[in-house]
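Dear colleague,

I am handing over the structure below, together with its sequence, and would be glad if you could look through both before reading on. My notes on what was found in it follow underneath.

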Amino acid sequence: MDYSILEPLIRESRNQCNEGKVASYIPELSKVSGDLLGITVHEVGKDPVTAGECMPKFTLQSISKVFALLLALIDRGEQQVFEKVGMEPTGDMYNSLMKLEIVTPGKPFNPMINAGAITVTSFIEGDNVNERFERILSFIQKLSGDDSIYYNEKVYHSENHTAHRNRALAHLLKDNGILEGDVEEHLEVYFKQCAIETSCTNLARMGMILANGGKDPETSEQLIPKRYVQIAKTFMITCGMYNASGEFAIEAGIPAKSGVSGGILAVAPNMGIGVIGPALDRKGNSIAGIRLLTRLSEEWDLTIF
Ligand code: DON
């Protein structure tokens with residue numbers, strides 16, 4: 001791959017930043033600059049390459065949904081997970097309540113929207129809240145090869161104090177018979193997993209493991225069953241960018257998952273990509289990050305279609 005195109009593509013894509021806005025519904029997220037744009041590319045068997053201004057750390061937010069899903073599948077298997085969460089895109093915003101109310105049997109359409117992710121998180125095994133969160137954390141540490149990864153307490157509290165919509169979703173799920181157990185405990189694990197802090201390099205390495213079918217190329221250890229990686233990547237392409245997933249699949253053609261902190265995890269053939277660009281479009285995806293991945297896909301012919 002010709003890495004010399006990364007810096008020019010970043011300069012070009014950065015122009016989009018002023019058309020977006022940094023997320024503010026989680027107050028703590030609004031403190032970062034919207035002008036940043038950075039990328040790390042990690043090809044299987046090679047060293048990662050970084051360009052632009054990767055913020056040292058940012059919270060995973062919805063990117064964590066991919067890893068919670070993988071761990072829930074490992075813990076419970078497909079049948080149990082998909083009994084409560086569907087496999088279809090919604091065309092709605094990521095935090096929409098609408099379909100839970102109007103489509104019988106009131107089960108979330110997929111694991112990438114908030115309702116689906118809260119349900120998936122409720123499947124993570126552990127004796128108590130701390131143990132369940134620690135299991136997600138150590139899964140992410142293992143995939144990224146970085147055991148210094150932890151969660152940002154300020155971001156966690158900031159979301160927990162303001163999460164009226166997620167609480168509404170979770171209580172609706174409980175009433176619909178989808179969520180079992182204590183709603184607040186599930187939300188605590190979910191908000192903490194969203195507040196886990198990673199770098200572009202961490203994201204790119206996790207993406208590289210997914211690109212490699214769940215196997216760590218350095219140790220040859222199969223960290224995730226191949227079938228579950230296939231499921232996660234399929235959800236990323238169909239639902240990972242929410243109601244912009246179709247357009248992103250046409251333009252960039254690679255599985256990706258965004259988060260409201262402006263991070264994007266992308267999985268191209270034989271490589272993982274981590275992007276950070278905190279200015280978001282109206283659908284909650286990094287505006288310059290989407291542009292950068294689209295241009296990179298054109299230049300390197302990454303589309304899987
Ligand atoms: O639950 C929330 O609203 C956030 N913790 C995560 C949402 C998110 O990242 C949506 N992505 N673009």
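Around the ligand of this predicted model there are 13 residues, of which Gln61, Ser62, Cys194, Val260 and Gly284 come nearest. By class, the shell around the ligand is made up of 3 nonpolar, 9 polar and 1 charged residues. The domain assignment divides the chain into domain 1 (3-60 + 199-300) and domain 2 (62-194), and because both domains give residues to the shell, the ligand lies between them.

The centres of domain 1 and domain 2, taken over C-alpha atoms, are 20 Å apart, and the contact between the two domains takes 31 residues from domain 1 and 31 residues from domain 2. On the side of domain 1 that touches domain 2, at least two residues each are supplied by α9 (200-211), α10 (226-239), β6 (256-258) and β7 (263-268), and it is α10 that gives the most, with 7 residues. That side of domain 1 consists of 18 nonpolar, 10 polar and 3 charged residues.

As for the chain as a whole, it has 12 helices and 9 strands. Its radius of gyration is 18 Å, close to the 19 Å that the globule rule gives for 305 residues, so the chain is as compact as a globular protein of that length. Along its principal axes the C-alpha trace spans about 55 × 45 × 35 Å, and 54% of the 305 residues count as buried. If one takes the contacts between residues at least 6 apart in sequence, 68% of them join residues at least 24 apart.

One helix that you may wish to look at is α6 (residues 153-162), in which Val155, Tyr156, Ser158 and Glu159 are buried. These four residues cover an arc of only 165° around the axis, and therefore they are on the same side of α6. The general background is that an α-helix has 3.6 residues a turn, so residues three or four places apart point the same way. Glu153 and His161, on the other side of α6, are exposed, while the buried residues of the helix pack against β4 (58-59) and α8 (183-194).

Some details of the backbone also deserve a careful look. In general, most residues other than glycine have a negative phi, and most peptide bonds are trans. Thr104 and Pro105, however, are joined by a cis peptide bond, with omega about 10°, and Pro105 is found in the loop between α3 (98-102) and α4 (114-121).

Gln61, which was named above among the residues that come nearest to the ligand, has a positive phi of about 50° although it is not a glycine. Gln61 is placed in the loop between β4 and α2 (64-84), and because 25 other C-beta atoms lie within 10 Å of its own, Gln61 counts as buried. Ser220, also a residue other than glycine, has a positive phi near 65° and is placed in the loop between α9 and α10. Is Ser220 buried or exposed? With 7 other C-beta atoms within 10 Å, Ser220 is exposed.

Finally, there are two residues for which distances and contacts were worked out. Glu88 lies in the loop between α2 and α3, and it is exposed because 10 other C-beta atoms lie within 10 Å, where 12 or fewer is the cut-off for that class. Although Glu88 and Phe235 are 147 residues apart along the chain, their C-alpha atoms are separated by 8.5 Å. If its neighbours within four places in sequence are left aside, Glu88 is in contact with Phe109 and Asn110.

Asp75, for its part, is found in helix α2, and with 15 C-beta neighbours inside 10 Å it counts as partly exposed. The C-alpha atoms of Asp75 and Asp35, which are 40 residues apart along the chain, are separated by 40 Å. Again leaving aside neighbours within four places in sequence, Asp75 is in contact with Phe123, Ile124 and Glu125.

With best regards

Conventions. Residues are numbered from 1 along each chain as its sequence is written. This is a predicted model: local features need pLDDT of at least 70, side-chain atom pairs count only at pLDDT 80 or more; totals for chains, interfaces and linings use all residues. A residue is near a molecule or strand if its C-beta atom, placed from the backbone, lies within 6 Å of it. Ala, Val, Leu, Ile, Met, Phe, Trp, Tyr, Cys and Pro count as nonpolar, Asp, Glu, Lys and Arg as charged, and the others, Gly among them, as polar. Domain bounds come from an automatic or database domain assignment. Two residues are in contact if their C-beta atoms, placed from the backbone, lie within 7 Å. A residue is buried if 20 or more other C-beta atoms lie within 10 Å of its own, exposed if 12 or fewer, and partly exposed in between; C-beta atoms are placed from the backbone. The arc is that of the directions from the helix axis to the C-beta atoms. The radius of gyration is taken over C-alpha atoms; the globule rule is 2.2 Å times the number of residues to the power 0.38.
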